[in-house]
Amino acid sequence: MNGCLVSLSILSSFLRIQRSEVVVMRPLRRLAPLALLLVAVPSFATPTPGDAENSPFPAESRADDRVPVLFVAPNIPFQGLLRDTGGNPVTGTVKLHFQMYDDPINVPVIWSETHATVDVDEGLFRVELGSITPFPAGLFNGDRWLGISVEGEPELPRVQFLSAPFALQAGDADHAATADFATEANHALTADVATTSDDGDWIQNGSDLHHLNGRVGIGRIPTTGKLEIDGGSTEPWILAQGGGSTFTQIGMRLYDTGIGANNENVLEFAHGGNGGAAPIARLVSKNEGSFSLNGGSLRLEAASAPGAFNTNQLVLTRAMRIGVGTATPAQLLDVAGTTGTQHLRITGPSTSWGTQVIESTSGATNVEVRGQFSSTNTGAWMSLRDNGSERISFAARNGDTNIGGLIDVKNGSAIPTVRIVGDTGTGKGRITTPVIEITGGADLVEPFPTAGDRPLEPGTVVCIDPARPGHLEASRRAYDRRVAGVVSGAGGLAPGIRMGDGDVNDDATLLAMVGRVWVKCTAENGPIAPGDLLTTSGRTGHAMRADDTRRSAGAALGKAMSALDEGEGLVMVLVNLQ
C-alpha cells in the first residue's frame, strides 16, 4: 500500500457529537438556523520515515513495528448543511471560521483556521480541517471541542471530539472500539453507518433510535431525571410541531418565565389552522412568593382569539380553593362573573329535570333542587330536609292551581302546618296555619287617612270625621260617641297585626282598634286607676275617666291598665270600644 491513498467515508465518526443534528436559533445576516450534519472523511496511508513522530494523534492510535500500519493523514474532511431563515438549503459562498478548545466553555484557543470562500450547493458544504493551519503534534492527546462561526457571527455551540474512526472495514465487529461500516456492531463504541448498533445505552435500528438505560440531558448534564432539559432564559423547553414544514404549525411548547419568586411554568397549545403559531390554550403553574416556600397555584386559560387570553378562567390555589374568573378565590368555590353574564348554570337530562342534591355527612340528601319539577310542572322546586326527611318545600308553581308559588312548612310527621299560597285562583294569596304568634306588637291596626293627609301622633285618641267619609280626626270633646280608637305606636309598643286593602298610602294613621296601647290621658275628670272606663275628654286627642254611665254608652274607649294621679301622661289601655 506504499504510496496508495485509501479514503474512508465515515459519517460523524471522528467529529462525533452528542446529537445527530444541532439547530442553533441564532439569526444571521442571511443565514438563520444552521443544521450541522458532521461528516469526517480521513485518509489513511502507509507512513514514511518520521510520519509517526509528527502525527497529531496520540501514540495509542498508532500501530507498532510488528504489523503493517495505516497512518492517519493530518487533514480532517468536514461536511455540514446550511439553511436560510425559511428552512431552505442555501446555495452560494460563505466564510467559515473554526477554533479548537480543550474545554466546552472556556478559552484559550489551541488551534484555529478560516476558510474565506466555501462553496455551498443546496445547503451542503465540505472543507478540509487542517488544510490551512496544520494540526500541531499531539493536538488530539486529550479532550477537544470544536467551535464554528459563520460570516463573522458569534460562535455556535461547541461540539466535542469523542472518538476516532481508526477501525478497518469489517462485516461484523461486535466488540470493536469503532466500526463505522459494519453491518452489525452491537457493542462498538461508535458505529455511525452500521445497519443496527447498540453501545449499551442507545440502540439504532435504521432511522429509529431509542434509549433503555441511563439519562438524557439537553442543554444540561442530567443528574436525577431520565430526561432533563434547560432551554435557558429565552428558549422553550419543549417545542413540538406537526402537519407542516415550518414552526407556524406548532402543536405544543413548554417554558418558564424565570427563576425565583412568582415565576411561572407555562404549557401552551396551538394549531396551524388558527392563523399562525399563537397559542389558543395554556396551563400555567405559578410559584407563590419566595421560591417554593409558600406553595403554588395552577390555572387553566383559553384564548378568545389566538394569543388573546382571558386570564384566571380557572384557578386552583395552594389553599385548595377553586376560582372561576378570579385569581384569589375566598371560598372553596368562588365564581366571579361579569356584568350581563350568568355566574352559574346547571343543567341535566330531561329525565332528571336538572336535579342537584347536597348530602349530609351521613350521606342523606338534605337539599334537593330541580330546574323543573316534572314533565307537566315546569316550575323550579327545592326541598330542605332533616336527615332525609322533608321539612320545607318551595315550588315556583302551585301544583293545585298551576299558578303562583307555594311554600309548605312541615312538622315532624311531614304534614304541612304552615302553607303560603301565592295565588288561590282569584289573584290573591293566602296563609294557612293553626296558630299565629306575634311577638313584635300587641294590637290590631288599620291605616286610615286623616285631616291634612298627615298621620296623627301615636297615642292620640281619634274620632270619625263627619265632614270627610272614611277619614279620622283627633277627638275634641268629652263623651264623644264618634270615638274610633287610638293611634298605635306610643311608648315604643309597635303594632302587632296590620290590616288594609292596599289603597291607603304609607303616611296614613295606624288606628289601634283592639289590643294594648299607650294612650294620652288627662286627670281633668279625676285620677285614673287601673280598671277605670275611659272616654274622650275636652283636651284634644286625650282620654279621661268616664264616671257618667249614661253618657259613656257608645263613647267608651276601653279600660285603663295603669294609673294617672294628676295632670297629663300616657296610660296603658286595653282598647275595647263600647
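Buried here means under 20% relative accessible area and exposed over 50%, with partly exposed in between. Arg476 comes out at 52%, so this residue counts as exposed. One thing to keep in mind from here on: this is a predicted model.

**Salt bridges, starting from Arg476**

Arg476 pairs up with Glu473 in a salt bridge whose closest N and O atoms sit 3.5 Å apart. The two partners fall into opposite classes: Arg476 is exposed, while Glu473 is buried, with a relative accessible area of 16%. That pair also belongs to something wider, since Glu473, Arg476, Arg477, Asp480 and Arg482 are linked in a network of salt bridges.

Across the whole structure, the search turns up 14 salt bridges. Here are three of them, with the closest N and O atoms of each pair and the relative accessible area of each partner.

| Basic partner | Acidic partner | Closest N to O |
|---|---|---|
| Arg419, 29% | Asp400, 62% | 3.9 Å |
| Arg476, 52% | Glu473, 16% | 3.5 Å |
| Arg545, 24% | Asp547, 48% | 4.0 Å |

In the last row, Arg545 is partly exposed, and Asp547 is partly exposed too.

Right inside the stretch of that network sits Tyr479, in the loop between strand S37 (472-474) and strand S38 (483-487). Tyr479 has a positive phi of about 55° although it isn't a glycine. Is Tyr479 buried or exposed? At 10% relative accessibility, Tyr479 counts as buried.

**Around Arg419**

The bridge from Arg419 to Asp400 links distant parts of the chain, with the two positions 19 residues apart in numbering terms: they are 19 residues apart. Arg419 lies in strand S33 (residues 416-421), and Asp400 is in the loop between strand S31 (389-395) and strand S32 (406-410). Arg419 is partly exposed, whereas Asp400 is exposed.

S33 has strand partners as well. S32 and S33 run antiparallel, joined by 5 bridges, and Val409 stands opposite Val418 in S33. The two strands form a hairpin with 5 residues between them, and Ala414 in the turn shows a positive phi of about 65°. S33 also pairs with strand S34 (residues 430-432), again in the antiparallel sense, over 3 bridges. In that pairing, Ile420 has Ile431 of S34 as its bridge partner.

**The nonpolar cores**

Which residues have the most contacts inside the largest nonpolar core? They are Phe78, Phe98, Trp111, Phe125, Leu129, Phe135 and Leu146, in a core of 22 residues. The elements giving two or more residues to this core are strand S7 (76-82), strand S8 (92-101), strand S9 (109-120), strand S10 (124-129), strand S11 (144-150) and strand S12 (159-161). S8 supplies the largest share, 4 residues.

Apart from this core lies another, of 18 residues, with Val461, Val486, Val517 and Leu564 among them.

Back in the 22-residue core, Phe98 is a handy residue to click on. Leaving out residues up to four places away in sequence, Phe98 touches Phe78, Trp111, Ser112, Glu113, His115, Val127, Leu129, Leu146, Gly147 and Ile148.

The loop between S11 and S12 holds Glu151, which has a positive phi of about 55° without being a glycine. Most residues other than glycine have a negative phi. Glu151 is partly exposed, at 23% relative accessibility.

**A nonpolar patch on the surface**

Not every nonpolar side chain is tucked away: Leu283, Leu298, Leu300, Leu314, Leu316, Ile322, Val324 and Leu333 form a nonpolar patch on the surface, with about 620 Å² of accessible area together. Strand S23 (296-305), strand S25 (314-316) and strand S26 (322-324) are the elements that give two or more residues to the patch. One of its members, Leu316, lies in S25 and is partly exposed, with a relative accessible area of 41%.

Where is Thr317? Its place is in the loop between S25 and S26. Thr317 has a relative accessible area of 19%, which is under the 20% cut-off, so Thr317 counts as buried. Neighbours within four places in sequence aside, Thr317 is in contact with Gly296, Ser297, Ala327 and Pro329.

Conventions. Residues are numbered from 1 along each chain as its sequence is written. This is a predicted model: local features need pLDDT of at least 70, side-chain atom pairs count only at pLDDT 80 or more; totals for chains, interfaces and linings use all residues. Side-chain values use heavy atoms; hydrogens and water are left out. A nonpolar core is a set of buried Ala, Val, Leu, Ile, Met, Phe, Trp, Tyr and Cys residues joined through side-chain atoms within 4.5 Å. Buried means under 20% relative accessible area, exposed over 50%, partly exposed in between (1.4 Å probe, protein chains only). Contact means heavy atoms within 4.5 Å. Patches are made of residues with over 30% relative accessible area and no salt bridge: like charges are joined within 9 Å, nonpolar side chains (Val, Leu, Ile, Met, Phe, Trp, Tyr) within 5 Å. Accessible areas come from the Shrake-Rupley method with a 1.4 Å probe; for residues, only the protein chains shown count as cover. Two strands pair if DSSP finds at least two bridges between them.
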